[in-house]
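User: Please take a close look at one part of this model, the strand pairing and the packing around it. I would like one connected account that I can follow with the structure open.

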Amino acid sequence: MSNRKDTNIPLYEYRPVRPFLQIPEKVLMYILQLTPSSFAKVYLYLYNLSYGVGYDHTITYTSVREIASNLNISIGRSQNAITYFKKINAIEKIESHAVIGTKFKVNLPEYSSSSSSWYFTSPVNVRYIMMKEKTVTSEKLVISKIKRYKSIKKSVDLGLFNEDNNNDEK
């Protein structure tokens, strides 16, 4: 331990330097209780591609294979998650093309205290989220997010974040 005294860090140092996604508490509480956890990854991925750029739907086409590849989960698990979320009305298919993928409308979770269960509804019916009037019209933001997922997957495949490297430093 060092003898340095704690100093206050200026507030501006806590600001994110890159675009970040704000996740409402109710969405996070729903996601944390999902099993298997790969389902949570799929929902957050679709949430990121929709609300992350200011829309209630994904503005680019995405496929089950692309989701599986970007999240490093199996194609079957991705398909099961998509089927599950369609069944509980968490996502709705807007448009689909066989070669390029599907656009999804992403609904938000609400908790019903009367039935003690979660249900999904359109963002206009949810009090904890406010859609911006002026939304991003460019698909560049979504494409950059997809590229970021792919670059993270490549770095994991290359072994850049091995636990062995951390042990060598000690």
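Analyst: Tyr111 has Trp118 of strand S4 as its bridge partner, and Pro109 stands opposite Phe120 in that strand. The model is predicted, with local features requiring pLDDT of at least 70 and side-chain atom pairs counted only at pLDDT 80 or more, while totals for chains, interfaces and linings use all residues. Residues are numbered from 1 along each chain as its sequence is written, and side-chain values use heavy atoms, with hydrogens and water left out.

Strands S3 (residues 108-112) and S4 (residues 117-121) pair in the antiparallel sense over 5 bridges, where two strands pair if DSSP finds at least two bridges between them. Strands (E, at least two residues) and helices (H or I, at least four) are DSSP runs, numbered from the N terminus. The two strands form a hairpin with 4 residues between them, and Ser116 in the turn has a positive phi of about 55°. Of the 5 residues in S3, 4 are buried, so that the strand is mostly covered; buried means under 20% relative accessible area, exposed over 50%, and partly exposed in between, with a 1.4 Å probe and protein chains only.

From the hairpin the account moves to Tyr43, which touches Leu108, Pro109 and Phe120, and also Val27, Ile31, Phe85, Ala90, Val106 and Asn107, not counting residues up to four places away in sequence; contact means heavy atoms within 4.5 Å. Tyr43 and Leu108 are also among the residues with the most contacts inside the largest nonpolar core, together with Val42, Tyr45, Leu46 and Phe85, and this core has 29 residues. Such a core is a set of buried Ala, Val, Leu, Ile, Met, Phe, Trp, Tyr and Cys residues joined through side-chain atoms within 4.5 Å. The elements that give two or more residues to this core are helices H1 (25-32), H2 (37-50), H3, H4 (75-87) and H5 (140-158) and strand S2 (101-106), and H2 gives the most, with 8 residues.

H2 and H4 pack at an angle of about 70°, with their axes 9 Å apart; axes are lines fitted to C-alpha atoms, for helices over the stretch in contact, and angles run from 0 to 180 degrees between N-to-C directions. The two helices are therefore roughly perpendicular to each other, a class that covers 65 to 115 degrees, whereas angles under 35 count as roughly parallel, over 145 as roughly antiparallel and the rest as oblique. On the H2 side the contact is made by Ser38, Phe39, Val42, Tyr43 and Leu46, and on the H4 side by Arg77, Ser78, Asn80, Ala81, Ile82, Tyr84 and Phe85.

Ser78 also leads to helix H3 (residues 64-71), since Ala68, which lies in H3, is in contact with Ser78, Ile73, Ser74 and Ile75 once its neighbours within four places in sequence are left aside. Ala68 counts as buried, at 4% relative accessibility, and its C-alpha is 5.8 Å from that of Ser78, 10 residues away in sequence.
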